[in-house]
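User: Got a minute to walk me through a model I just loaded? I'd like the backbone oddities and the packing.
Analyst: Sure, put it up and ask away.

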Amino acid sequence: MKAVQFLSGFALLALASLLASAYDPSPLQDICVAINDPKDVFVNGKFCKDPKLAKAEDFFLPGLDKPGNTANRLGFSVTNANVEQIPGLNTLGISAVRIDYAPYGQNPPHTHPRATEILVVLEGTLYVGFVTSNQLNNTLIAKVLNKGDVFVFPIGMIHFQFNIGKTNAVAFASLGSQFPGVITIADTVFGADPPINPDFLGKAFQLDPNVVKDLQKKFINGN
């Protein structure tokens, strides 16, 4: 009798699950803290204008043909085409970037918390890859790409690109979020403000705390 009651209850629960559909929206910014006071309200994404007032400029961005400035310590530049530059991308779940690399320049290990990325090389030769999660033993999946090659970086995976050629390289990427965000691993860990305790980081990275302090000075000062 108990078995029959259990099966009946389970069947009702399964039926209810089929009839009900609910989900939380994907986050479109780093944090969105709940408040009770309606003043100074932020939304998860952007407010929408009256669709009748939309114009072509809301969906347009010029200039991605122009190289970015790669005169920096890493030798790369990212030109964004997300909802900050193209308001019409709001709610559409897609964005793009142009990435320029000086010879031996790199886009260092980073992750996009809200997006998968698909990258196509327009000029040059890049060594690219991503590292899987702990559950997959932190496996490196990497490949050398030439002009016309395409590579995908799954959402949330730490990934990188490195120009292994002697000439400039250019790539375009599309990302599955209107505002994918970026977390550059070294900048985040060693450039945090206020700094993370160097003794803690020393143990985490198996480094002398004095080495950590030196790294923190470099990243916090932007050197």
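**Backbone, sheet and core**

Analyst: Starting with Q206: at 67% relative accessibility, this residue counts as exposed. Keep in mind that this is a predicted model.

User: OK, and where does Q206 lie?
Analyst: In the loop between α3 and α4, the latter spanning 209–220. Phi of Q206 is near 55 degrees, a positive value in a residue that isn't glycine.

User: What about N137, what's its phi?
Analyst: About 65 degrees, so to speak on the positive side although N137 is not a glycine. You'll find N137 in the loop between β5 and β6 (140–145).

User: Is N137 buried or exposed?
Analyst: Exposed, because its relative accessibility is 65% and the cut-off for that label is over 50%.

User: Which residues does the cis peptide bond join?
Analyst: D193 and P194, with omega at about 5 degrees. P194 is in the loop between α2 (185–190) and α3 (198–205).

User: Switching to the sheet. What's the strand order in the open one?
Analyst: β6-β5-β8-β3-β10, five strands with antiparallel pairing. β6 and β10 (183–184) are at the edges; each has a single partner strand, so one side of each has no neighbour in the sheet.

User: How many bridges join β3 to β8?
Analyst: Three, between β3 (residues 106–111) and β8 (residues 158–163), which run antiparallel. If you want a pair to click on, N107 stands opposite Q161 in β8.

User: Now the packing. Which residues touch the most other members of the largest nonpolar core?
Analyst: Y101, L119 and L126, out of 18 residues in that core. At least two core residues come from each of β2 (95–101), β4, β5 (126–131), β7 (150–153) and β9 (169–175). β9 gives the most, with four residues.

User: What is L119 in contact with, leaving aside its neighbours within four places in sequence?
Analyst: Quite a list: I99, Y101, L126, L145, D149, V150, F151, F153, Q161, A171, F172 and A173. So Q161, which faces N107 across the β3 and β8 pairing, is also one of the L119 contacts.

User: And on the outside, which residues make the nonpolar surface patch?
Analyst: I118, V150 and V152 make a patch of about 230 Å². V150 is also among the contacts of L119.

User: Where's I118, and why is it called partly exposed?
Analyst: I118 is in strand β4, residues 117–123. Its relative accessible area is 42%, so it falls between the 20% and 50% cut-offs and counts as partly exposed.

Terms used:
Residues numbered from 1 in each chain as written. Predicted model: local features only at pLDDT ≥ 70, side-chain atom pairs only at ≥ 80, totals over all residues. Heavy atoms only, no water. Patch = residues over 30% accessible without salt bridge, like charges linked within 9 Å, V, L, I, M, F, W, Y side chains within 5 Å. Areas by Shrake-Rupley, 256 points an atom, 1.4 Å probe, with all protein chains shown as cover. Salt bridge = Lys/Arg side-chain N within 4 Å of Asp/Glu carboxyl O. Buried < 20%, exposed > 50% of the residue type's maximum accessible area, 1.4 Å probe, protein only. Core = buried A, V, L, I, M, F, W, Y, C linked by side-chain atoms within 4.5 Å. Contact = heavy atoms within 4.5 Å. Pairing = 2+ DSSP bridges.
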